[in-house]
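Student: I should like to take a close look at one part of this protein and then see how the rest of the structure is arranged. May I ask for a connected explanation once the structure is shown?

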Amino acid sequence: MRRRLPLAAQLLALQVGIVLLVLVGAGWLALQVQRDQVRDANEDRVLALARGLGGQESVRDAYASPAPSGELQPLAELVRTSAGAEFVVFTDADGLRYSHPDPAKIGQRVSTDPSVALGGQEYVGTEAGTLGLSLRAKVPVRAADGTVLGQVSVGILERELEAGTVDVLPRLVLWLTGAAVVGVLGAIGVTRLVRRRIHGLEPEEIADLLRAREAMLHGIREGVLAVDNRGRVSLVNDEAMRLLGLTDDPTHRSVQDVLHADELLPLVTGDEEVADQVVLVGERLLVVNSTIARVRGRVVGRLLVLRDRTELFDALRALDGQRTITEALRAQAHEFSNHLHVLSGLMGLGRSEEAVRFIERVGGGTVSGTGAPLADVEDPMLAALLVAKAAVAREKNLQLHLDPASEVLAGVGDDVLTIVAKLVDNAIEASPETGHIEVLLRHRPGGATRVEVRDEGSGVPEHLRERIFDAGVTTKADAAGLGEAHGRGIGLALVSRIVRRRGGTLRVDHVESGGSVFAVLLPDRQPAAARTPARAEP
């Protein structure tokens with residue numbers, strides 16, 4: 001297989017060829033322009049000489065003398081030698097010479113046609129005479145009354161005109177050589193610039209990289225988004241568009257316009273590389289790696305690799321729910337065993353009335369001994385969730401109450417279950433020992449769903465009230481409220497995303513006696529096109 005020239009050599013050869021071709025063409029054109037200018041200048045010169053001689057009074061007087069040649073020959077030679085002309089020839093009205101550089105030709109008829117000048121007209125052109133091919137001007141010589149007495153012809157040989165053109169050739173060649181050197185140096189510079197811009201790759205390598213990139217982008221399961229040094233998206237694959245919820249190709253758009261104020265934006269615009277950062281994008285939990293892209297040591301942009309962990313997060317959440325239910329069943333089994341022991345003792349002592357009262361006291365079917373009965377919560381999933389959360393609260397010496405004003409019919413849906421679970425978990429973590437948590441739930445099909453969770457904790461610090469629903473912000477990680485550990489500060493952010501998607505409202509109020517109240521209001525249905533942001537009030 002014949003080896004091709006490198007792209008740099010091809011570019012250099014092409015540019016040098018173009019430069020040389022242009023310079024040769026420019027040189028030829030310059031010579032033609034110079035030749036035309038020399039010819040035009042000499043045409044004007046010989047015509048002016050002929051006119052000056054034909055209009056002189058002494059020339060007319062010589063024509064009237066008995067021997068015109070004796071007077072006109074010396075004049076013609078004087079003008080010829082002083083003006084640098086090849087010949088100055090006077091003729092009579094019949095075309096017979098009165099003067100000539102070769103005196104032997106005086107008295108002979110001229111070798112070219114004299115009819116134009118003898119007819120009273122001027123003539124300028126190239127003709128072949130006895131002295132060779134020459135540029136000549138012919139002007140009639142008139143008497144005082146206008147009668148044509150003869151003609152005067154002034155000429156310059158063509159080879160002398162060509163010599164005048166050739167005289168400028170050395171300077172022209174010098175200038176063209178200088179231009180060629182500059183052009184070649186410029187071509188070398190352009191070649192190096194192009195080679196540097198394509199990182200020294202050959203066309204075949206660029207084509208291979210393009211094919212490999214397309215195969216990689218559409219083949220890998222991780223999302224990939226690349227941003228160039230100008231802050232514009234230069235590359236994005238299908239998985240990244242799915243994870244980021246993009247519908248139109250964002251290539252060549254500003255990353256601020258693509259990611260808006262999303263949690264991903266600081267990872268792209270920051271100076272630090274990020275490894276395995278958990279980010280909540282919409283309602284998806286993503287693990288993000290942000291690296292600085294370098295090509296041959298030069299920084300060319302940033303690269304984001306996105307991995308979807310939403311399903312894993314949901315599975316862990318479901319597992320946590322199962323673990324919670326298991327712990328609740330264990331706690332209830334323990335309590336039930338204790339209750340049986342008490343009943344056995346009462347029955348053994350014959351105190352049947354006290355046993356009946358004990359059964360009535362512990363079998364009321366409430367969440368926590370005081371509060372609304374679970375019969376008011378018709379949705380079985382929500383009732384089970386409350387029972388499980390109440391058991392978890394009791395494990396931490398907390399009381400979980402259901403507000404007597406609660407009324408929940410069946411069919412609340414997964415969004416409400418997630419909201420209740422996250423808000424109750426948040427309240428359990430925020431409440432001190434022996435504290436109380438109160439939950440208000442109201443839901444009717446076709447109407448809005450209302451969820452309120454109140455705790456007796458320390459409340460939300462004032463400096464975090466504006467950001468408490470942002471991903472990664474938590475009161476439990478550190479004094480600054482920033483969740484450094486992976487997965488912290490996700491619960492309330494997820495609640496906020498769900499409320500925003502449903503077009504509801506979300507707020508947190510500080511209770512003067514201590515604690516916080518998180519309130520959510522969800523409409524029953526929302527048109528698909530509507531996306532009203534959740535209103536988070538401090």
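What volume does the largest cavity have?

Tutor: The model before us is predicted, and every value below is computed from it. The largest cavity has a volume of about 140 Å³, and the structure holds two cavities of 30 Å³ or more. Lining the largest cavity are 14 residues, and Phe87, Val89, Arg97, Ser111 and Arg136 are the closest to its centre. Strand E1 (87-92) is one contributor to this lining; E1, strand E3 (132-142) and strand E4 (148-157) each supply at least two of its residues. By type, the lining of the largest cavity divides into four nonpolar, seven polar and three charged residues.

From E1 the chain can be followed onward to Pro103, which is placed in the loop between strand E1 (87-92) and helix H4 (115-118). Is Pro103 buried or exposed? Its relative accessible area is 52%, and a residue counts as exposed over 50%, so Pro103 is exposed. The C-alpha atom of Pro103 is separated by 8.4 Å from that of Gln73, although the two residues are 30 apart along the chain.

The second largest pocket offers another space to examine. About 930 Å³ of space lies in this pocket. It is lined by 24 residues, and those closest to its centre are His199, Arg213, Leu235, Val295 and Val300. At least two lining residues come from each of helix H7 (203-219), strand E5 (223-228), strand E6 (233-236), strand E8 (284-295) and strand E9 (298-308). H7 gives the largest share of this lining, with five residues. The lining of the second largest pocket comprises 14 nonpolar, four polar and six charged residues.

The strands just named lead to a sheet. E6, E5, E9, E8 and E7 form, in that order, an open sheet of five strands with antiparallel pairing. E6 and strand E7 (274-281) stand at the edges; each has a single partner strand, so one side of each is left without a neighbour in the sheet. From one strand to the next, the twist averages 25°. As a general principle, strands of a sheet pair through backbone hydrogen bonds, either parallel or antiparallel.

The pairings can now be taken in turn across this sheet. E5 and E6 run antiparallel and are joined by three bridges; here Val227 stands opposite Val233 in E6. E5 is also joined to E9, again in the antiparallel sense, by six bridges. Within that pairing, Leu225 has Leu304 in E9 as its bridge partner. E8 and E9 pair over ten bridges and are antiparallel, with Arg294 standing opposite Val299 in E9.

One further residue of E8 deserves attention. Arg284 lies in strand E8. With a relative accessibility of 27%, Arg284 counts as partly exposed, because that class lies between the limits of 20% and 50%. Arg284 and Arg309 are 25 residues apart along the chain, yet their C-alpha atoms are separated by 7.5 Å.

Two loop residues illustrate a point about the backbone. Most residues other than glycine have a negative phi. His252, however, has a phi near 75°, a positive value in a residue other than glycine. His252 is found in the loop between helix H8 (238-244) and helix H9 (255-259), and it is exposed, with a relative accessible area of 62%. Asn397 likewise has a positive phi, of about 60°, although it is not a glycine. Asn397 is found in the loop between helix H13 (380-395) and strand E10 (399-402); at a relative accessible area of 46%, Asn397 is partly exposed.

The elements on either side of Asn397 lead to the last part of the picture. The largest nonpolar core has 45 residues, and those with the most contacts inside it are Leu382, Val420, Leu441 and Val520. Two or more residues of this core are given by each of H13, E10, helix H14 (414-430), strand E12 (436-443), strand E13 (449-454), helix H15 (491-502), strand E14 (505-510) and strand E15 (516-522). The largest share of this core comes from H14, with nine residues.

How values were computed
Residues are numbered from 1 along each chain as its sequence is written. This is a predicted model: local features need pLDDT of at least 70, side-chain atom pairs count only at pLDDT 80 or more; totals for chains, interfaces and linings use all residues. Side-chain values use heavy atoms; hydrogens and water are left out. On a 1 Å grid over the protein atoms alone, a cavity is a set of points where a 1.4 Å probe fits but cannot get out, and a pocket is an open set with protein on both sides within 12 Å along at least five of seven lines; lining residues have an atom within 4 Å of a point. Grid points are joined across faces, edges and corners, and a volume is the space filled by probe spheres set on the points. Helices (H or I, at least four residues) and strands (E, at least two) are DSSP runs, numbered from the N terminus. Ala, Val, Leu, Ile, Met, Phe, Trp, Tyr, Cys and Pro count as nonpolar, Asp, Glu, Lys and Arg as charged, and the others, Gly among them, as polar. Buried means under 20% relative accessible area, exposed over 50%, partly exposed in between (1.4 Å probe, protein chains only). Two strands pair if DSSP finds at least two bridges between them. Axes are lines fitted to C-alpha atoms, for helices over the stretch in contact, and angles run from 0 to 180 degrees between N-to-C directions. A nonpolar core is a set of buried Ala, Val, Leu, Ile, Met, Phe, Trp, Tyr and Cys residues joined through side-chain atoms within 4.5 Å.
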